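User: I'm a first-year student, and I'd like a close look at the aromatic rings and what surrounds them. Please take me through that in plain words.

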Amino acid sequence: MMSSGTKRIQPAVWMAMVTLLAIVLVGLLNLRNAASYASETFHQTQVLWVVIGLLLAMAVSVIDLRFFERLSPVFYWGAVIFLLLVLFFGRESHHARRWFDLGDIAFQPSEFAKPALVLFLARYFHGERSPERYTLRTLLKPMGYVAIPAVLILLEPDLGTTLVLIAVGFSIMFFEGVRLRSFIKLMGIIALVVPMAWHFNIIKPYQKERVRVWMDMATSEPQARKKLDKGMQPEQALWAVGSGRITGKGSMQGVQSRLKYLPEMHTDFIIATYAEERGFVGCVALLLLYLGLIVSLLMVAVQAKERFAVLVSVGAVAIILWQVVFNMGMVLGLLPVVGLTLPFMSYGGSATISAMFAVGLALNAGIHKGQV
Amino acid sequence: MIGLKGELIEYRTHFRWALIVVGVAFFILLARFFQLQVVQGGRFDALATVSHVVKIRMAPTRGVIRDRNGEVLATDVGVADLMVVPRYVKEPGPEVARLVDLGILSSEDGTALLEKMEKAQKSRRGFHRVLARSNLVGDRCPFDMTRMTFDPSRGKLVCTKCGNAWADQRAVVQSHLHELPGFSLRSRTVRHYPAREFTAHVVGFVNEVTGEEVRESDGRLRSGETIGRSGIERSLDRHLRGTPGLDVFVRSAAGKRIPPTELPAPFNELKSSSPVGGSDVRLTIDMAIQKAARDAMKRHRSGAVVVMDVHSGQVLAMYSQPSFDPEPSVIRPAEEERIRPNPILSPRMNKAVTAYPPGSVFKMVTAIAALMEGVIEPDTKQECPGYYVYKRRKFRCHERRGHDELSLVPALAASCDVFFYIAAEALGMDKLALYGLDWFGIGARTGVEVPESKGLMPTEGWYHERKRGFQPGFTLNTSVGQGDMRATPLAIARAYGALVNGGRLLKPQVVLALEEGNTDHEIAKTPQVIRRLDLDETHVELIRRGLHAAVNTEEGTAWDVRIGELPFAGKTGTAQAPEVRKGADEDVAAWLKQDHAWFVAYAPSKRPQVVVIALVEHGGFGGKVAAPVVRKVLEAYYAEHADRFADLWEGYDHGPILEIINDDGVD
């Protein structure tokens with residue numbers, strides 16, 4: 001019945017592909033500079049990840065979604081098992097267990113929990129569609145599905161991915177429809193849970209310290225702190241971004257980046273290097289590219305004719321959206337520092353492949369027009 | 001597919017909501033970029049030139065310690081080390097060869113350095129500064145740290161003290177640094193003790209703080225700094241240390257120092273502070289007497305001498321034998337190992353403030369106690385057959401042949417033990433302890449400014465707390481300074497001082513003044529009276545006669561050391577204290593079996609000025625061994641203070657004193 005839709009590819013799909021490729025290109029160029037500041041060559045490895053990712057995205061976008069629907073419990077519970085295993089057998093680094101070592105490369109299960117959750121939630125709502133808007137009670141089960149991997153990731157600990165996972169889960173639920181009253185209640189619960197998590201030390205001391213640093217940065221006039229302590233690192237990122245000014249210092253001219261004062265220069269804080277080199281103009285361009293990608297993917301999503309496809313697409317877009325927003329917000333000092341990569345810009349195999357996988361899922365809806 | 005259309009319509013509204021959420025989020029990011037890069041961009045650009053704030057701690061100079069006449073006993077001197085950053089060295093071979101040519105490094109040291117540098121160049125630590133040679137000869141003699149003068153005829157620096165000639169290596173390196181890329185000079189200070197082993201125990205020494213001390217100091221101490229370890233260096237460390245300064249500056253991203261005027265707030269408000277040097281300390285020690293004390297002890301393995309002014313409590317000399325060189329050994333070449341005393345003799349221990357059994361020097365206290373308590377009268381006489389049997393135990397007198405019937409004064413002079421046994425039997429242990437501890441402060445800390453041990457004045461209660469319990473015989477032992485009693489030479493000197501200065505038990509003082517900048521805190525200006533003793537002048541006079549007779553009559557135990565022109569009084573002591581020490585060879589083991597020799601004297605006999613005490617550890621008989629030490633020190637004191645004695649000799653002329661003695665029926 002939908003076969004005709006698969007033949008013609010919509011403009012939104014084209015737009016998504018073009019913006020994606022543009023971002024990937026900008027990201028690789030930027031990584032090359034970041035790598036040269038650090039006298040390293042990880043940008044070459046990243047090319048490999050991008051190629052693998054793109055191939056994966058293409059593959060995912062043409063595979064019949066029914067395949068994913070059927071396999072989604074396997075993905076989801078598989079991800080949960082991996083998240084459990086990584087807590088015990090993962091490699092410990094920076095006080096966290098997030099990676100499995102597979103020879104030379106490390107594999108980060110939390111990255112794959114995100115698309116797995118999207119597929120699983122989409123399947124759940126597809127099967128359990130209630131005629132009414134969802135209330136808190138009816139949302140209890142899907143919230144539980146969000147909570148299981150979220151808690152496991154929080155235990156690693158990886159607050160950034162946890163937050164993205166929660167945001168993605170809620171994005172899907174809201175897209176499905178939630179009553180306004182329930183929404184307000186939910187916000188109220190969150191308003192209660194966060195201070196409790198703070199008080200009972202579920203939030204780690206170093207995470208609290210980051211929040212304090214952020215509050216310091218946010219409440220006072222941006223300026224150099226007199227103490228050169230840990231709080232200096234995010235502030236150094238702010239200096240780098242700000243000192244890019246309107247047109248940027250130019251390729252390979254970043255002072256802050258060159259001096260390696262930027263923390264996590266090539267991963268979580270990659271945008272600082274970019275902003276220092278390319279300035280406001282470059283940042284606006286990048287924002288527009290991300291906006292283009294997200295909006296076009298959303299357009300692809302709503303054009304799907306099947307609920308499962310819509311929700312998968314929306315969830316996939318949410319992954320990209322919240323990672324971009326949280327990551328940039330963190331570097332720009334709008335949010336406390338949480339470990340989180342910027343899709344297609346940060347260096348990292350698991351992150352790149354996972355983001356590409358998400359894009360592939362989102363595009364799938366446009367290519368198959370959501371038949372299940 | 002029920003309600004497909006409816007769903008899609010619903011999704012479309014949700015899509016609009018989603019677009020709004022996305023739009024708002026991106027707008028916030030955009031606005032933030034605008035704020036940071038456009039609005040505040042200039043300011044951040046300025047900040048971004050700032051690499052980091054550098055805070056360099058500037059060490060203060062440690063206070064100088066001088067003797068009472070201004071002779072320097074401890075001071076900081078600057079030394080230079082040759083440093084190298086291996087990765088900055090362009091041609092290691094030729095550069096090291098140049099240093100060998102210049103006479104800065106020996107060829108062996110050069111080879112070793114070359115090896116070290118080549119290893120470091122390959123490692124990550126190649127950018128760390130390492131020591132190439134410590135203590136380059138500068139303007140101070142490497143042997144004795146005295147400032148050298150330049151001898152133009154020889155083209156070298158000549159030490160005025162030892163006469164050695166040296167090339168000024170610091171200047172040589174300085175003038176060749178341009179051809180030695182990677183090498184640099186580092187200046188630092190070391191503590192220099194010109195008085196060396198003469199005052200090592202009183203002045204003390206410094207060494208590097210331990211990691212634990214740094215952690216516990218709350219940021220006050222940093223690793224690499226020094227701290228006083230003993231003597232005044234330790235007890236006045238807080239004053240001597242000074243306050244470190246902080247050189248605060250901002251380094252640019254290019255590594256340069258940025259002048260404060262070119263900096264944005266708050267960097268232009270950063271303030272540096274200069275270090276404040278520590279207070280100088282003037283000691284009461286008189287180097288002339290201190291030297292005499294060391295000289296007098298030269299023959300002896302171990303012991304101590306204290307000289308104290310009886311009126312002020314100022315300690316004029318405090319020497320402990322053997323002494324040690326308080327200066328870090330780096331300054332002296334290896335062949336200069338003059339001071340390497342036998343560790344079994346505890347050279348670091350200040351024996352002047354370490355407690356020992358005092359022997360007969362304690363009899364003064366027993367005598368006072370007996371007189372005060374009415375146990376004996378001035379004319380009470382005792383027969384001494386050479387021993388005293390008490391509770392079926394025989395207590396021997398040091399004079400096996402015994403003494404004729406004698407009263408207190410000759411008993412003190414001849415140091416008859418039996419006389420005091422009998423007095424003590426009547427007194428009881430606790431009365432003895434009352435006078436010993438509560439009056440004369442034996443078994444208590446004196447409060448002197450250097451770390452000291454307390455000693456022990458046993459009581460019946462003290463014995464009851466022990467396993468052995470109390471036996472009355474202990475009282476007899478204690479009365480002659482034996483048994484469990486322990487006293488420091490300083491405490492005994494102070495007790496004798498109190499006897500002859502009108503009954504004022506003073507706090508002995510080693511610190512004369514703390515000099516902070518221009519203000520002088522004359523700490524020792526006024527004598528600090530711990531206690532006024534309610535002494536009966538007639539009792540004191542009796543004892544003083546006895547002590548005078550000990551030196552100035554043939555029956556006296558110290559007759560051999562009398563000084564014709566300086567009549568002084570004293571009390572000998574010979575304390576049994578056989579010991580076993582770990583690691584002692586046969587010679588030392590035999591020495592350890594001997595008695596401690598004591599002699600405490602005040603001079604002159606009439607209107608005393610000074611009290612001198614000598615302890616010769618395991619020296620033997622007090623009158624034979626310790627008394628000559630005191631005599632030598634007294635002579636030095638007299639040589640320096642003869643003018644102060646001038647008026648004392650009028651109508652003194654030996655005659656009256658002998659008369660007094662004769663009155664008491666001695667001889």
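Analyst: **Aromatic rings and their surroundings**

One aromatic cluster is made up of A:Tyr76, A:Trp77, A:Phe120, A:Tyr124, A:Phe125 and A:Tyr145. Rings of Phe, Tyr and Trp (its six-membered ring) pair if their centres lie within 6.5 Å; planes under 30 degrees apart are stacked, over 60 edge-to-face, and the rest tilted. Keep in mind that this is a predicted model: local features need pLDDT of at least 70 and side-chain atom pairs 80 or more, while totals for chains, interfaces and linings use all residues. Residues are numbered from 1 along each chain as its sequence is written, chains are lettered from A and ligands numbered from 1 in the order written, and side-chain values use heavy atoms, without hydrogens and water.

Let's start with the helix that carries A:Tyr76. A:Tyr76 is among the buried residues of α4(A), which also include A:Phe68, A:Pro73, A:Val80 and A:Leu83. (Buried means under 20% relative accessible area, exposed over 50%, partly exposed in between, with a 1.4 Å probe and protein chains only; helices, H or I with at least four residues, and strands, E with at least two, are DSSP runs numbered from the N terminus.) Helix α4 spans residues 65-89 of chain A and bends by about 50° at A:Leu71, with the proline A:Pro73 following within four residues. The bend is the angle between axes fitted to the seven residues ending at a residue and the seven starting there. At the N-terminal end, A:Asp64 acts as a cap, with a side-chain oxygen 2.9 Å from the backbone nitrogen of A:Arg66.

Now for the rings elsewhere. Over all chains, the structure holds 25 aromatic pairs. One of them joins B:Trp462 and B:Tyr463 edge-to-face, with 5.0 Å between the centres and 85° between the planes. Both B:Trp462 and B:Tyr463 are buried.

Some rings have a charge as company. The charged end of B:Arg562 sits over the ring of B:Trp559, 3.6 Å from its centre, and that of B:Lys394 sits over the ring of B:Tyr387, 4.3 Å from its centre. (This needs NZ of Lys or CZ of Arg within 6 Å of the ring centre and within 35 degrees of the ring normal.)

B:Tyr387 leads us to a hairpin. In a regular strand, side chains alternate between the two faces of the sheet. Strand β17 of chain B (residues 387-390) shows this: B:Tyr388 and B:Tyr390 point to one face and are buried, whereas B:Tyr387 and B:Val389 point to the other and are not. β17(B) pairs with β18 (residues 393-396) of chain B in the antiparallel sense over four bridges; strands count as paired if DSSP finds at least two bridges between them. Opposite B:Tyr387, the bridge partner in β18(B) is B:Arg396. Two residues lie between the strands of this hairpin, where B:Lys391 takes a positive phi near 50°.

One more ring belongs to a small sheet. Three strands of chain B form an open, antiparallel sheet in the order β5-β6-β7. β5 (148-151) and β7 (165-166) of chain B stand at its edges with a single partner each, so one side of each lacks a neighbour in the sheet. Strand β6 (residues 156-159) of chain B meets β7(B) in the antiparallel sense over two bridges, and B:Trp166 in β7(B) stands opposite B:Leu157.

Notes: A polar contact is a pair of N or O atoms within 3.5 Å; within protein, one must be able to donate a hydrogen and the other to accept it, and residues adjacent in sequence count only if both atoms are side-chain atoms.
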